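Trainee: I am new to this structure and would love a close look at one part of it. Could you walk me through that part and then show me how the rest fits around it?

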Amino acid sequence: MSFTADRLLLFGATGDLSQRMLLPSLAALHADHLIHPDLRIIGTARSDMDDAGFRNFAREALEKFMPAERRSGMGEFLNRLSYQPLDATTLEGYEDLAAKVGDGQGLAIFLSTAPSLFEPTIAGLQHAGLAGSDVRIGLEKPLGTSLETSCEINDAVAAAFSEDRTFRIDHYLGKETVQNLMALRFANILFEPIWNATYIEHVQITVAETVGLEGRVAFYDDAGALRDMVQNHMLQLLALVAMEPPTDFDATAIRDEKVKVLRALRKVEGSETVTGQYRGGAVNGGAVPGYDEELGKESDTETFVAIKAHVDNWRWKGVPFYLRTGKRLPERVTEIVIQFRCIPHSIFGSKGAKAQPNRLVIGIQPDENVTLHVMAKVPGLDRDGIRLRQVPLNIAMPDAFSGKTRRIAYERLLLDLIEGDQTLFVRRDEVEAQWDWIDAICASWDSSGITPKPYNAGTWGPSAAIALAERDGVSWHDE
Ligand code: BG6
């Protein structure tokens, strides 16, 4: 199964993800000579167009979504593209698709379609001989809305594609700074000895967004923040923070360790969660409508969720993981905060100085930086006692690696799909452990009648989210 695909078949080729991410990523890989000159890209979707029409469509997408300085060789890139219209729900049409694609050898397929199309698409691919042992498939989220529906999708995929040919995307794993988490933990001697309940008091993971519904009305209202962000991206971040050191940087070793963490997550009671839904307010200085106004009706879907989670294993016994995500929050920021415990004894206490505990802040986006807050002595002759202050040891990744191209997640993931490296893709057992934990939260919300509390757009969610942390003496890291 180790082969580099010479064709990439994109389902959902005219969709939003394709325009914003997939086509620009492929064009960037082309511009940097990272994909083989002979790789052909075949787009398919319901829209009726020919090759020339699709190339025009792709050109417009690149002009809109790709920085001009990265668009070199665009003409040659467009020549790689061809297109076959298809109604994915009926078997007719797949034979024409197969004729366009050529034989089913050395093919990579990427499904960026509604999950309701996964089953018929796989049946169609099988029917047309495009699901053989030399074909691998990439699946874009959402993979279900519960453990049960996720299993249905996984079963349908498994009927045609073995697990080693199934590439489930979580685009957070394609982000450079997310991968850097592993380098920080496992390429340094400093952190690992203290990366446990003895030295860490709590962990915070925040994924805050300023955007609202962005026109994804039907999808989002069925999903909500818990399924849309926590089930996948946030749990993957948590797993990378909490996992044991893998023996090797490879797909099996890393995913084996992540799944152990996901299975060790303690089931959460509704009382350890806070859900919210934004009302009108102001974000980035502009007035924005409330969720129900954007939706055009009232809804019980949460656009914010905060959770106090626990990983029940030896390393993390008693260490809360506070997770928080929401739309229409004051700023776009993804970060992980590792709050260390206080020093056991302060020699400065008798001199009037107070030592604050160390804190490691890992900025994932938009700022990619790692800041370790350490105590330092304030310069002076100390006649009135010693003063200590927390100062940052700050590494800004773009400065540390200036001159290196910053790539978007899909560049990495599409290249790995083409080349067949599963390390940054989510294995079935991980997805199912994630859903199992999420389902229990949904069930607890249902049984306790928990519905989202309102919060004004441009604030950090309902005040109850602050209380969730504060009752443990913890403040969210909002600076
Ligand atoms: C997607 C969610 O998976 O991630 C969106 O469906 C969300 O609702 C997006 O906006 C966030 O991704 P990023 O890379 O902008 O943080």
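Is Arg427 buried or exposed, and what is its relative accessible area?

Mentor: Happy to take you through it. Please keep in mind from the start that this is a predicted model. Arg427 is buried: its relative accessible area is 13%, and the cut-off for that word is under 20%.

Let us stay with Arg427 for a moment. Its partner in a salt bridge is Asp429, with 3.0 Å between the closest N and O atoms. Asp429 is partly exposed, having a relative accessible area of 23%. So the bridge joins a residue that counts as buried to one that counts as partly exposed. Elsewhere, salt bridges with shared partners bring Asp32, Arg70, Arg407 and Glu411 together in one network.

That network is a good way into the overall layout. The protein is split into domain 1, covering 7-140, and domain 2, made up of 173-408 + 427-470. Five residues of domain 1 and four residues of domain 2 take part in the contact. Measuring between C-alpha centres, the two domains are 34 Å apart. Between them, domain 1 and domain 2 bury about 350 Å², and 49% of this is on carbon and sulfur atoms. One salt bridge is found across their interface. Arg407 and Asp32 also form a salt bridge, and their closest N and O atoms are 2.8 Å apart. On the side of domain 1 that touches domain 2, there are two nonpolar residues, one polar residue and two charged residues. Between the two domains, one residue pair is counted as being in polar contact.

Now let us look at salt bridges across the whole structure, where a search finds 30. One of them pairs Arg328 with Glu294, at 3.7 Å from N to O. Arg328 sits in the loop between S12 and strand S13 (333-340), while Glu294 belongs to helix H10 (residues 291-295), so this pair ties together parts that are 34 residues apart in sequence. Arg328 is buried, at 14% relative accessible area, whereas Glu294 is partly exposed, at 24%.

Asp472 and Lys308 make another such pair, their closest N and O atoms lying 2.9 Å apart. Here distant parts of the chain are linked: Asp472 is in the segment after helix H14 (463-470), Lys308 is in strand S11 (residues 304-309), and the two are 164 residues apart. Lys308 is buried, with a relative accessible area of 14%, while Asp472 is partly exposed, with 31%.

From the loop that holds Arg328, you can turn to strand S12 itself (residues 321-326), where Thr325 is placed. Thr325 is buried, and its relative accessible area is 1%. Leaving out residues up to four places away in sequence, Thr325 touches Val207, Ala225, Met229, Val230, Met234, Thr303, Phe304 and Val305. With Val207 there is a further detail to look for: the side chain of Thr325 reaches the backbone oxygen of Val207 at 2.7 Å. Thr206 is also worth finding on your screen, since Thr325 and Thr206 are 119 residues apart in sequence but 5.8 Å apart in space, C-alpha to C-alpha.

A loop gives you another place to visit. Pro246 lies between helix H8 (217-242) and helix H9 (251-264), in the loop that separates them. Pro246 counts as buried, at 17% relative accessibility. Apart from neighbours within four places in sequence, Pro246 is in contact with Phe186, Ala253, Ile254 and Glu257. For a sense of distance, Pro246 and Ala160 are 86 residues apart in sequence and 30 Å apart in space, C-alpha to C-alpha.

Our last stop is in helix H13 (residues 428-448), where you will find Ser444. Ser444 has 10% relative accessibility and therefore counts as buried. Not counting residues up to four places away in sequence, Ser444 touches Val268, Glu269 and Gly270.

To bring this back to your request, Arg427 is a buried residue whose salt bridge partner is Asp429. When you return to the view, start from that pair and then follow the other places in turn.

Conventions:
Residues numbered from 1 in each chain as written. Predicted model: local features only at pLDDT ≥ 70, side-chain atom pairs only at ≥ 80, totals over all residues. Heavy atoms only, no water. Helix = DSSP H or I, 4+ residues; strand = E, 2+ residues; numbered from the N terminus. Buried < 20%, exposed > 50% of the residue type's maximum accessible area, 1.4 Å probe, protein only. Contact = heavy atoms within 4.5 Å. Domains from an automatic or database assignment. Buried area = accessible area lost by both parts, 1.4 Å probe. Salt bridge = Lys/Arg side-chain N within 4 Å of Asp/Glu carboxyl O. Polar contact = N/O pair within 3.5 Å; in protein donor to acceptor, adjacent residues only side chain to side chain. Nonpolar A, V, L, I, M, F, W, Y, C, P; charged D, E, K, R; others polar.
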